[in-house]
Amino acid sequence: MNITITGRKCTPRDSFKEHAEKKLKKIEKFFGSDVEAKVTVTVEKSSQNVEITVNNRGMTFRALERAENMNEALDKCVDTLIRQIRKNKTRLERKMRDTHFVAPIEADEEEVEEEIEYELVRQKRVALKPESVEEAILQMNLVGHQFYMFLNEESGEINVVYKRNDGGYGLLTPDAE
């Protein structure tokens with residue numbers, strides 16, 4: 001497993017890095033050793049945030065947790081990721097049939113309700129017009145949505161702006177990998 005640990009407004013100690021490697025071994029057992037994990041630690045006034053992003057052959061899992069100390073936030077984050085993986089185990093196994101997903105589920109592990117199918121309740125066609133990012137954010141706020149798809153006038157690509165939990169905005173752009 002390739003683990004990258006980054007600190008924002010702090011420098012994570014070696015003991016935290018060792019704890020992170022130990023906890024992320026739980027994630028590695030689902031995918032094998034060719035998984036990539038990015039751990040970002042942010043220190044704020046009253047709490048510490050840990051964000052883990054796991055990438056494996058096009059599949060991305062992400063968890064963000066807040067606690068009084070880094071280790072506690074890390075533990076919560078790993079538990080959240082494992083819950084996500086187990087919840088979507090059937091769908092993941094279908095997508096990754098070629099032995100890249102080795103899902104050993106032990107009998108003593110907690111039961112997690114497994115989703116069977118997604119229910120698509122509405123399909124909508126969207127007319128795209130060239131807009132700037134600022135115009136797209138304004139349009140999203142005017143229609144009262146959490147996200148908005150638009151044709152970026154600068155790049156000519158389809159982009160999505162969205163509201164973040166921290167109150168800011170995010171921009172999704174296609175990656176030609």
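Where is leucine 128 found? In this predicted model, leucine 128 lies in the loop that runs between helix H3 (89-95) and strand S5 (130-131). Its relative accessibility comes out at 32%, so leucine 128 counts as partly exposed. Leucine 128 also has company on the outside: together with Val126, Met149 and Ile158, Leu128 makes a nonpolar surface patch of about 310 Å².

Helix H4, which covers residues 133-143, shows two contrasting sides. Ala136, Ile137 and Met140 are buried. Looking down the axis of H4, these buried residues fall within an arc of 100°, so they line one face of the helix. The spacing fits a simple rule: an α-helix has 3.6 residues a turn, so residues three or four places apart point the same way. Turned away from that buried side is a face of H4 carrying Glu134, Leu138 and Leu142, which are exposed. And what do the buried residues of H4 pack against? They pack against a set of strands, namely S5, S6 (147-152), S7 (158-163) and S8 (169-172). Just after H4 comes glycine 144, with a positive phi near 75°.

Glycine 144 is one residue with a positive phi, and lysine 9 is another, at about 65°, even though lysine 9 is not a glycine. Lysine 9 sits in a loop too, this time between strand S1 (2-8) and helix H1 (14-31). Is lysine 9 buried or exposed? With a relative accessible area of 72%, lysine 9 is exposed, because anything over 50% is counted that way.

Note on methods:
Residues are numbered from 1 along each chain as its sequence is written. This is a predicted model: local features need pLDDT of at least 70, side-chain atom pairs count only at pLDDT 80 or more; totals for chains, interfaces and linings use all residues. Side-chain values use heavy atoms; hydrogens and water are left out. Patches are made of residues with over 30% relative accessible area and no salt bridge: like charges are joined within 9 Å, nonpolar side chains (Val, Leu, Ile, Met, Phe, Trp, Tyr) within 5 Å. Accessible areas come from the Shrake-Rupley method with a 1.4 Å probe; for residues, only the protein chains shown count as cover. A salt bridge is a side-chain nitrogen of Lys or Arg within 4 Å of a carboxyl oxygen of Asp or Glu. Helices (H or I, at least four residues) and strands (E, at least two) are DSSP runs, numbered from the N terminus. Buried means under 20% relative accessible area, exposed over 50%, partly exposed in between (1.4 Å probe, protein chains only). The arc is that of the directions from the helix axis to the C-beta atoms. Contact means heavy atoms within 4.5 Å.
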